[in-house]
Amino acid sequence: MSHLKERKEKICLNCKADLYGRYCHVCGQQNLEPKETVWHLVLHFFNDITHFDGSTVKYLLRKPGFLSSEYMAGRRASYLNPIRMYVFTSAIFFIILFSLQSPDKIVKVKETAEVGKGLPALAKDSAKLEKQLLDKETDADDKESFRNRLDKVKVEMAAIKKTFGDTTTRTFFQTDRELMFLQSLNDSLRREGLPVNVQDKIRAAISKDREDQEGGLNLFGTPLGKYKTVGQYDSAQKTLPDSLRNDWFTRIIARRLIAMEFEIHQDKKGWFEHFQENFLHSFPKILFFSLPFFALILNMLYFRHKQYYYVDHGIFTIHVYCANFIFILFMVLLNKLGEMINLGWVTGVINFLIFLIWVYMLIYLYKAMRGFYKQGKFKTLVKYLLTGFLALIVNLILLMIFLVISAITIH
């Protein structure tokens, strides 16, 4: 209600109807003095956007299920509209969350930077493999693997010495060593004087073996890992007959995955930073899309209660989501306060309060279901557990979908 002074005249300024109280019975406008201060304009603007009042918050947090019951009974004017409440609480929640916690602090990805190896490091690897070959406790299968790795290391060392001499300071990444290894293989095959078709078969077999060992992206049986660029993939597709080419959908996904792999190879740290930012900013979307599914779960569990329509379950779900936003926001703010004060006993009190909020969050849905659906304790408990389990599955599926979307939409 506005704090402006009521007009003495009993004629509505908006529709000119005769007034019998503070509000016009025709258009609903308050009979107030038209002149306002700047402060009144600010308050009016904020109130029109949020309509967030203390009684709505009090009932939402202290009486789970009450607001949903009031809405279903038609008593709606005294409380904040559920849709507006969801928009406001979710917006405030994520604004504060992302302003207090940067993406790299919310989700930490361990960086595994590749370390280049030079001749000294390769010599140590060679000596270690020779020692393992001489060990009597090493079984035959392991010895065969060690022998193959030793031969490869020796070829890599020979290729480096041939091209760069006995350098002790220069290092080479795995990709560089693989290229030199293949070059040495090609030179060796040509020296042996084998027919060209035999050489190609040997190279193809070794290349396939490397792909199987290294893994890489694979889409519907198509080994994408062997394509370094989208252009290579497109060229390979053009050489195939129509019956063997990928369909249009597979080609779209393949191009995006190859481009993604190239971007990771070019700048792994930058790619993961963009991925974190993309994914974290997808959380509001995940929660928004999970909301109708949560309501659908409740609709299935209470299908015998004909007085509840899907919209009623949706209103109940919105109230539950809004309450959880507020609870989590309280915990985030308490945690930030503990970091700022950084005193032992204060941290202990804050951690205890956070624990209490977690416990209340766990029982909040149960109490809300009891308050709204008016069923017995045992039936409500069973449906509460089923709702939590099914909601977890839905959210995990949505999480995986948005993980993929976040990965393939990085530019």
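In the predicted model, the loop between helix 15 (344-373) and helix 16 (377-408) contains K374. The backbone of K374 adopts a positive phi of about 60°, although the residue is not a glycine. With a relative accessible area of 60%, K374 lies above the 50% cut-off and is therefore classed as exposed. A second lysine with a positive phi is K16, for which the angle is near 65°. K16 is placed in the segment before helix 1 (38-50). Its relative accessibility is 58%, so K16 also counts as exposed.

A positive phi is found as well at G165, the residue that follows helix 7, where the angle is near 80°. Helix 7 itself comprises 25 residues, from 140 to 164. At 1.5 Å a residue, a helix of this length should span 36 Å, and the C-alpha atoms at its ends are indeed 36 Å apart, so the expected and computed spans agree. The buried residues of helix 7 are F146, L150, V153, E156, M157, A159 and I160.

The packing of helix 7 against helix 6 was examined next. Two packed helices are described by the angle between their axes and the distance between the axes. The axes of helix 6 (residues 119-134) and helix 7 come within 9 Å and cross at roughly 155°. This angle is over 145 degrees, so helix 6 is roughly antiparallel to helix 7. The crossing of the two helices is left-handed. On the side of helix 6, the contact is made by L119, L122, A123, S126, L129, E130, Q132 and L133. The partners contributed by helix 7 are K143, F146, R147, R149, L150, V153, K154, E156, M157, I160 and K161. Among these partners, F146, L150, V153, E156, M157 and I160 also belong to the buried residues of helix 7.

Within this pair of helices, S126 illustrates the contact at the level of a single residue. S126 is located in helix 6 and has a relative accessible area of 8%; because this value falls under 20%, the residue is classed as buried. When residues up to four places away in sequence are not counted, S126 touches L150, V153, K154 and M157. The C-alpha atoms of S126 and L150 are separated by 5.9 Å, while the two residues are 24 apart along the chain.

A buried position is also found at Y86, a residue of helix 4 (residues 82-100). The relative accessible area of Y86 is 9%, under the 20% limit, and Y86 therefore counts as buried. Leaving aside neighbours within four places in sequence, Y86 is in contact with L287, F288, L291, I318, Y321, C322 and F325. Y86 and A323 are 237 residues apart in sequence, yet their C-alpha atoms lie 9.5 Å apart in space.

For the chain as a whole, the secondary structure comes to 16 helices and two strands. Of its 411 residues, 32% count as buried. Contacts between residues at least 6 apart in sequence were also considered, and 63% of them join residues at least 24 apart. The chain exposes about 26600 Å², of which carbon and sulfur atoms supply 63%.

Definitions and conventions: Residues are numbered from 1 along each chain as its sequence is written. This is a predicted model: local features need pLDDT of at least 70, side-chain atom pairs count only at pLDDT 80 or more; totals for chains, interfaces and linings use all residues. Side-chain values use heavy atoms; hydrogens and water are left out. Helices (H or I, at least four residues) and strands (E, at least two) are DSSP runs, numbered from the N terminus. Buried means under 20% relative accessible area, exposed over 50%, partly exposed in between (1.4 Å probe, protein chains only). Contact means heavy atoms within 4.5 Å. Accessible areas come from the Shrake-Rupley method with a 1.4 Å probe; for residues, only the protein chains shown count as cover. The expected span of a helix is 1.5 Å times one less than its number of residues. Axes are lines fitted to C-alpha atoms, for helices over the stretch in contact, and angles run from 0 to 180 degrees between N-to-C directions. Angles under 35 degrees count as roughly parallel, over 145 as roughly antiparallel, 65 to 115 as roughly perpendicular and the rest as oblique. A crossing is left-handed if the near helix is turned anticlockwise from the far one by less than a right angle, and right-handed if clockwise.
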